[in-house]
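Reader: I want a close look at one part of this model, with the residues that build it. Please start from a single side chain and work inwards. Keep it brisk.

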Amino acid sequence: MAMTHNLRLLSDAIVVGSGTLVNDNPGLNARVPVVAPLDNQPTPIAIDPEYKMPVTAKLISNYHNGIGKQPILLAYRDSPKNDKRLALEESGVKVVDILTPSTPLNRQHFNTLSQIFGFTRFMVEGGATVIKSILAASANETSLSDTLADTLVVTVSPVLIGDGVSVVKNQPNNSKTPNLHHKASKVFGKDVVFVANFIDN
Ligand SMILES: NC(=O)c1ccc[n+]([C@@H]2O[C@H](COP(=O)([O-])OP(=O)(O)OC[C@H]3O[C@@H](n4cnc5c(N)ncnc54)[C@H](OP(=O)(O)O)[C@@H]3O)[C@@H](O)[C@H]2O)c1
């Protein structure tokens with residue numbers, strides 16, 4: 001937990017998909033061991049083209065309570081300006097129309113966010129669908145200057161979950177996944193954390 005919150009502090013923005021947003025209602029701010037100053041907080045970004053974010057979302061209340069930055073919602077280009085969108089905008093959500101239907105998350109999306117907001121370091125927290133597109137986009141990279149994602153952090157906890165939630169959605173048989181280069185492993189309490197780079201450096 002403390003490690004995740006430290007990683008959030010090292011990031012300009014934290015990205016999640018609508019599945020995670022709706023299932024987990026994450027705050028996406030750095031608050032362990034204590035709530036970090038607002039200036040140091042990362043900006044929460046939800047990939048949520050169907051406007052599934054409730055106006056009661058923790059991201060929004062954090063913003064109003066001064067313990068989180070203004071949340072950004074990524075929607076489709078030419079998205080309808082419907083009532084739900086207007087309600088989210090009125091509650092403080094900044095909607096950015098940069099997605100294209102049937103197009104996985106890719107470098108262009110991150111470049112656009114960097115250009116608009118000046119972000120340089122993104123942390124993608126999930127869920128399985130979003131992580132799958134990051135892995136797929138990273139599979140063909142061969143140099144650090146090209147790399148979309150540079151580091152994968154996996155925590156293994158001693159909990160048996162059977163057919164539980166996937167960490168990464170199934171890859172089609174013909175799709176590539178990036179080579180992972182072990183960087184570090186460390187035990188934190190009962191958890192083991194593995195850190196791997198996508199490019200050997
Ligand atoms: N253990 C962990 O550390 C961890 C961390 C994070 C999440 N999780 C778990 O992961 C689960 C959620 O995973 P998930 O795969 O169902 O959902 P997800 O990856 O959080 O979100 C997927 C959704 O994001 C939207 N999306 C993603 N890429 C898009 C694109 N390029 N263009 C348009 N929309 C895009 C789509 O939303 P629409 O369907 O609305 O169009 C898509 O259905 C949750 O249950 C959560 O608990 C676990």
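**From one residue to the core**

Author: F117 is partly exposed, because 15 other C-beta atoms lie within 10 Å of its own. That count falls between the cut-offs: 20 or more would make a residue buried, and 12 or fewer would make it exposed. The model is predicted, so bear that in mind throughout. F117 belongs to helix α5. Compare its position with that of D191. The two are 74 residues apart in sequence, and their C-alpha atoms are 35 Å apart in space.

Helix α5 leads in two directions. Take the domains first. The protein is divided into domain 1, residues 2-126, and domain 2, residues 145-201. Their centres, taken over C-alpha atoms, are separated by 22 Å. The contact draws on 4 residues from domain 1 and 4 residues from domain 2. On the domain 1 side, α1 (2-9) and α5 (107-117) each supply at least two of the touching residues. By class, that side has 3 nonpolar residues, no polar ones and 1 charged.

The other direction is helix α6. Which elements cover its buried residues? They include β1, β2 (43-47), α5 and β5. So how enclosed is α6? It is largely enclosed by the rest of the structure, because 8 of its 11 residues are buried. The buried ones are V130, I131, K132, I134, L135, A136, A137 and S138.

Now strand β1, one of the elements that cover α6. Here 5 of the 5 residues are buried, so β1 too is largely enclosed by the rest of the structure. A13, V15 and G17 point one way from the strand. I14 and V16 point the other way, and all are buried.

β1 has two partners to consider. It runs parallel to β2, and 5 bridges join the two strands. V15 stands opposite I45 of β2. To get from β1 to β2, the chain crosses through α2, and this β-α-β crossover is right-handed. β1 also pairs with β5 in the parallel sense, over 4 bridges. There, I14 stands opposite M123 of β5.

These elements bring us to the ligand. β1 (13-17), α2 (18-24), β5 (122-126) and α6 (128-138) each supply at least two residues of the shell around it. Which of them gives the most? α2 does, with 5 residues. The residues around the ligand number 25, and G17, G19, G126, G127 and T129 come nearest. G17 is also one of the buried residues of β1. By class, the shell has 9 nonpolar, 10 polar and 6 charged residues.

Some backbone details deserve a check here. A cis peptide bond joins G126 and G127, with omega at about 0 degrees. G126 and G127 are among the residues that come nearest to the ligand. G127 is found in the loop between β5 and α6.

The loop between α2 and β2 holds P33. V32 and P33 are joined by a cis peptide bond, with omega at about 10 degrees. L28 lies in the loop between α2 and β2 as well. Its phi is positive, about 60 degrees, although L28 is not a glycine. L28 is buried, because 28 other C-beta atoms lie within 10 Å.

S102 makes a useful contrast. It sits in the loop between β4 and α5. Its phi is about 65 degrees, again positive although S102 is not a glycine. Is S102 buried or exposed? It counts as exposed, because it has 5 C-beta neighbours inside 10 Å.

That loop starts from β4, so one last strand pair is worth a look. Strand β3 (residues 72-76) and strand β4 (residues 94-99) run parallel, joined by 5 bridges. Y76 stands opposite L99 in β4. Between the strands, the chain passes through helix α4 (residues 83-90), and this β-α-β crossover is right-handed. From β4 the path goes on through the loop of S102 to α5, the helix in which F117 lies.

Definitions and conventions: Residues numbered from 1 in each chain as written. Predicted model: local features only at pLDDT ≥ 70, side-chain atom pairs only at ≥ 80, totals over all residues. Pairing = 2+ DSSP bridges. Right-handed = clockwise from strand over helix to strand, strands pointing away. Near = placed C-beta within 6 Å. Nonpolar A, V, L, I, M, F, W, Y, C, P; charged D, E, K, R; others polar. Domains from an automatic or database assignment. Contact = placed C-beta atoms within 7 Å.
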